[in-house]
Amino acid sequence: MGEINISKEVIQGFVDGSVSVEAITLFAIVIGAIFVNNVVLSQFLGICPFLGVSSKVETSAGMGMAVTFVMALATVVTWALQNFILVPFGIEYMQTIVFILVIAALVQMVEIVLKKVSPALYQALGIFLPLITTNCAVLGVAIIAVQKDFDLLTSVVYSTSIAVGFALALILFAGIRERLDVEDVPQGMRGVPIALITAGLLAMAFMGFANVVPLP
């Protein structure tokens, strides 16, 4: 568990009442979810699209936006289902199945919208778009938000921050891979080997944020 590192301005705002404890908590969740506890580089969730869609920055950005939309909306719906249906009726054991169905429905909606709005991006994402349904990052965040007993606002902030962290890692990784394509990489290291090494170095770089805020 890292220590909270907050600027003097924020501390002074807390003292004089202009910054609330809730605001500081949400700020810590945002920074922690994006950098400290990055869903891909720290928790190792969503590795399949991370490696499969990260060959181009444009494709990675599209996947990041799609995952952000699905993850944020799925968290809202699953939070409501958990608190107003599953818990009151004592059927919490149906949580995983219900959450997967919700995520699948949202992914289908995203597919339909992308196919109409951006056919090129739809084709570029290919099989990885429907795979958002089984992306453990989306399901994992929905379950974690429930397990941590977050309220609705905190759940949305947490899930959106996790999705932004996923998109950031994806875009950074894609940019590095594009650069590697024009570099003189040894024959035996091209493709998957250099990609895995790069992902490991990127994860180590994100470890530099470990003492900024506690893990959310």
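## Cysteines and disulfides

In this predicted model, the sulfur of Cys 136 lies 9.0 Å from the closest cysteine sulfur, which belongs to Cys 48, and this is too far for a bond. Seen from the other side, the closest cysteine sulfur to that of Cys 48 is the one in Cys 136, again at 9.0 Å and too far for a bond. A disulfide is a covalent bond between the sulfur atoms of two cysteines. The cut-off applied here requires the two sulfur atoms to be within 2.5 Å. By this rule, the number of disulfides is zero.

As for their surroundings, Cys 136 is partly exposed, with a relative accessible area of 39%. Cys 48 also counts as partly exposed, at 46% relative accessibility.

## The largest pocket

Rolling a probe the size of a water molecule over the atoms shows where empty space is left. The largest pocket has a volume of about 190 Å³. Its lining consists of Ser 55, Arg 177, Leu 180, Asp 181, Glu 183, Val 185, Arg 190, Gly 191, Ile 194 and Ala 195.

## Composition of the lining

Two helices each supply at least two residues of the lining of the largest pocket: helix 8, spanning 152-181, and helix 9, spanning 192-206. Of the contributions to this lining, that of helix 8 is the greatest, at three residues.

Sorted by class, the lining of the largest pocket contains four charged and four nonpolar residues, together with two polar ones.

Terms used
Residues are numbered from 1 along each chain as its sequence is written. This is a predicted model: local features need pLDDT of at least 70, side-chain atom pairs count only at pLDDT 80 or more; totals for chains, interfaces and linings use all residues. Side-chain values use heavy atoms; hydrogens and water are left out. On a 1 Å grid over the protein atoms alone, a cavity is a set of points where a 1.4 Å probe fits but cannot get out, and a pocket is an open set with protein on both sides within 12 Å along at least five of seven lines; lining residues have an atom within 4 Å of a point. Grid points are joined across faces, edges and corners, and a volume is the space filled by probe spheres set on the points. Helices (H or I, at least four residues) and strands (E, at least two) are DSSP runs, numbered from the N terminus. Ala, Val, Leu, Ile, Met, Phe, Trp, Tyr, Cys and Pro count as nonpolar, Asp, Glu, Lys and Arg as charged, and the others, Gly among them, as polar. Buried means under 20% relative accessible area, exposed over 50%, partly exposed in between (1.4 Å probe, protein chains only).
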